[in-house]
Amino acid sequence: MANQDEPLHWLVRPATIRKLWIGFGIVLAAVVLAQAVVYIKGYFGVDAWFGFGAVYGFVCCLLMVLVAKLLGLVLKRSQDYYDEPDEDTGHGQDAGQNVSSTEEPRNGA
Amino acid sequence: MALEMLSPALILLLAAALIGVLKGHARTAVVLVAPLLTLWAVWQIPDGVQGTVKFLSYYIEPVEGGPLRRLFATVFAIMVFVGGLYAYRVARWYELAAAFAYAAGAVGVCFAGDLITLFLYWELMALFSTIIVWCGGTPAARAAGIRYAIMHLLGGVVLKVGIEGVVVGTGSIQIQPMLATDFSTWMILIGILINAAAPPVSAWLADAYPESSPTGSVFLSAFTTKTAVLALILLFPGEPVLVGVGLFMVMYGIIYALLENDARRILAYSIVNQVGFMVCAVGIGTQMALNGAAAHAFAHIIYKALLFMSAGVVIYRTGKSKCTELGGLFRTMPLTTACGIIGALAISSFPLTSGFTTKSMISQAAVDENLVWVYMLLTAASAGVFLHAGIKFPWFVFFQRDSGLRPKDAPWNMGLAMILFAGLCILLGVFPELLYPLLPYPVDYVPYTAGKVLFYLQLLLFSGLAFFVLLPLMKRTETISLDTDWLWRRAATALIGLVERLLQFLGEFVARGRVRLQRFSQRIAVRYLGQPHTADREERGVFARSWPIGTTALWIAGLLSAYVLLYYL
């Protein structure tokens, strides 16, 4: 378990996260600008446009997340939705709970 | 019977039986050696039919070799070996035995030379995969296993109906390319597509796989759907319906994975997504497309098993599988995190991973056939894969907030299994020429051109940007998402309840009417016939009273006159 006075892991310090964002931004800019040098062969016209991959990737993801969000309004149910109310115990919500780490080596190998 | 007519599947079947009998080191030896023996046996089978056996009036071909069959059998054998290595210290003996018998079914399908043999091994898979689901051990796993079995036995019946129709119609039990043109070929196609988790019954996959044990889901992820892909390549190459079905599966997988909270269920939905790519490729049906489908299946089995392994280690160590309960595990599980990330990059077809060198063949096939919309949708889906599996899975399991969990990293055997598969993901990504000669058709494809790599980097990295920008929209909720299985898990039971209530109402109505009728007739009876014993004449029923003799005479006279009158009329 986490210790309260455990120092923050270097990867999750705000300074590191800021640096990661800056680095990510530079990489993003680089892969778009690189298209000035590297020729992307378009198969259907539009996909050869400058930065098409970047825009297409971003917009598609945006659409998919929004569609998922909208569908979620209709489709999402509480996680015990299908549980039988008269089932005896447990409902087995956690598939992995039957395997506890104490039963580790079983056949002595 | 000659030796070459014995399928390599029998080695795994024998091993499954031995696993039940043996204990300790001997069992471990069987678990680790049998898959390697199978792999060796797979490569001993020359191309073509290896002999026939007469069964009833049919000529059965138990073993037929070929590059495509060998490719699938190879990856299945590798999968059993690494899966066995991953599982053998944790899994119960009956789970291991079932996994080996299940794999035997898959390998058997690979080499089945006729439809009857194919069907037998097909059902073997259904049977033993159900047992693996049940090995989850929870009441939820038991219920999901029953639903899984019903779905697969139903699929088996549909397939059988189709096979019998084809045998009656053509007189041939040969496995040969066909198109879904009549009832029986449609039945075969539907039977296979049920195993491929195609709509409208995709739900069985995400329902059953995440309920199995951490080790069981590794095996489950590999065989059923990919055997279905092989069967599609063998039986329905170029079937136009499959393009649409595949594209639907691709999008379905992404959307549902985005909504999902359970880590293994995210991976289960992404199986549907990835199989959608393959199904679509089979639908395109050119040599490039079929090569792509086969290569993608090969790579997919490896990286999907790797992802399920890393999720399995997390569940094994923490007992939790929900994104809302996990997070920050990278601190104490660096190996599992690294392997999970490699699997995630491979599934997103990042350059230098096996996904890039295989999945891009399918896009190329769409380009070659000038299918603009298919290409555009597949490209969008590639971005979506990075979104839902490539980042979402590792991010929510290993990073995001600190859940406070500090589990130990993977046990050595699980770690070794993950390293082997992670290595394979990169090896096939860096040296695709290792895989390309194994494909069924000659490969004329260069995966790495500067333009293509740059295009995919733009696509994927900006999908990554979209993920982090849209993170507030993707806050995990403790929910499940309804699927078509709602129809038989809820709507059907509700309908039955409704009919039950209706019948009950009808029964009550009839019962009430009967009681009323009874009372009414009793009243009538009492009125006319009743109570003859009472002394008081007025209390007796009308016909039970004592009447004066004169009244009787009058009645008789009246009746006689009426009779005479009628007689003369």
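In this predicted model, the C-alpha centres of domain 1 and domain 2 of chain A sit 21 Å apart. The domain assignment places domain 1 of chain A at residues 10-39 and domain 2 of chain A at residues 42-76. As for secondary structure, chain A gets by with two helices and one strand, and going along the sequence these turn up in the pattern α-α-β. Not much of chain A is tucked away, either: 17% of its 109 residues count as buried.

Chain B has its own story. Its 569 residues include 20 helices and five strands. For a chain with that many residues, the globule rule gives a radius of gyration of 25 Å, but chain B comes out at 34 Å, well over that value, so chain B is more spread out than a compact globule. The box filled by its C-alpha atoms tells us the dimensions: roughly 125 × 65 × 55 Å along the principal axes. In chain B, 55% of the residues count as buried. Then there is the matter of who touches whom inside the chain. Taking the contacts in chain B between residues at least 6 apart in sequence, 79% link residues that are at least 24 apart.

Now for the place where the two chains meet. Chain A puts 56 residues into the contact, and chain B puts in 65. On the chain B side, the elements that give two or more residues are the helices α2 (24-42), α6 (139-170), α11 (241-259), α13 (287-318), α16 (372-398) and α18 (450-469), along with the strand β5 (479-481). Of these, α18(B) makes the largest contribution to the side of chain B that touches chain A, with 14 residues. What sort of residues does that side of chain B have, by class? The tally is 36 nonpolar, 18 polar and eleven charged residues.

The strand β5(B) deserves a second look, as it also pairs with a strand from the other chain. Its partner is β1 of chain A, residues 76-78, and the two strands run antiparallel, joined by three bridges. One of the residue pairs can be named: A:Lys76 has B:Ser481, in β5(B), as its bridge partner. A:Lys76 also turns up in the domain assignment, where domain 2 of chain A covers 42-76. So much for the strands; on the chain B side of the contact, β5(B) is listed together with helices such as α2(B) and α16(B).

Note on methods: Residues are numbered from 1 along each chain as its sequence is written. Chains are lettered from A and ligands numbered from 1 in the order in which they are written. This is a predicted model: local features need pLDDT of at least 70, side-chain atom pairs count only at pLDDT 80 or more; totals for chains, interfaces and linings use all residues. Two residues are in contact if their C-beta atoms, placed from the backbone, lie within 7 Å. Helices (H or I, at least four residues) and strands (E, at least two) are DSSP runs, numbered from the N terminus. Ala, Val, Leu, Ile, Met, Phe, Trp, Tyr, Cys and Pro count as nonpolar, Asp, Glu, Lys and Arg as charged, and the others, Gly among them, as polar. Two strands pair if DSSP finds at least two bridges between them. A residue is buried if 20 or more other C-beta atoms lie within 10 Å of its own, exposed if 12 or fewer, and partly exposed in between; C-beta atoms are placed from the backbone. Domain bounds come from an automatic or database domain assignment. The radius of gyration is taken over C-alpha atoms; the globule rule is 2.2 Å times the number of residues to the power 0.38.
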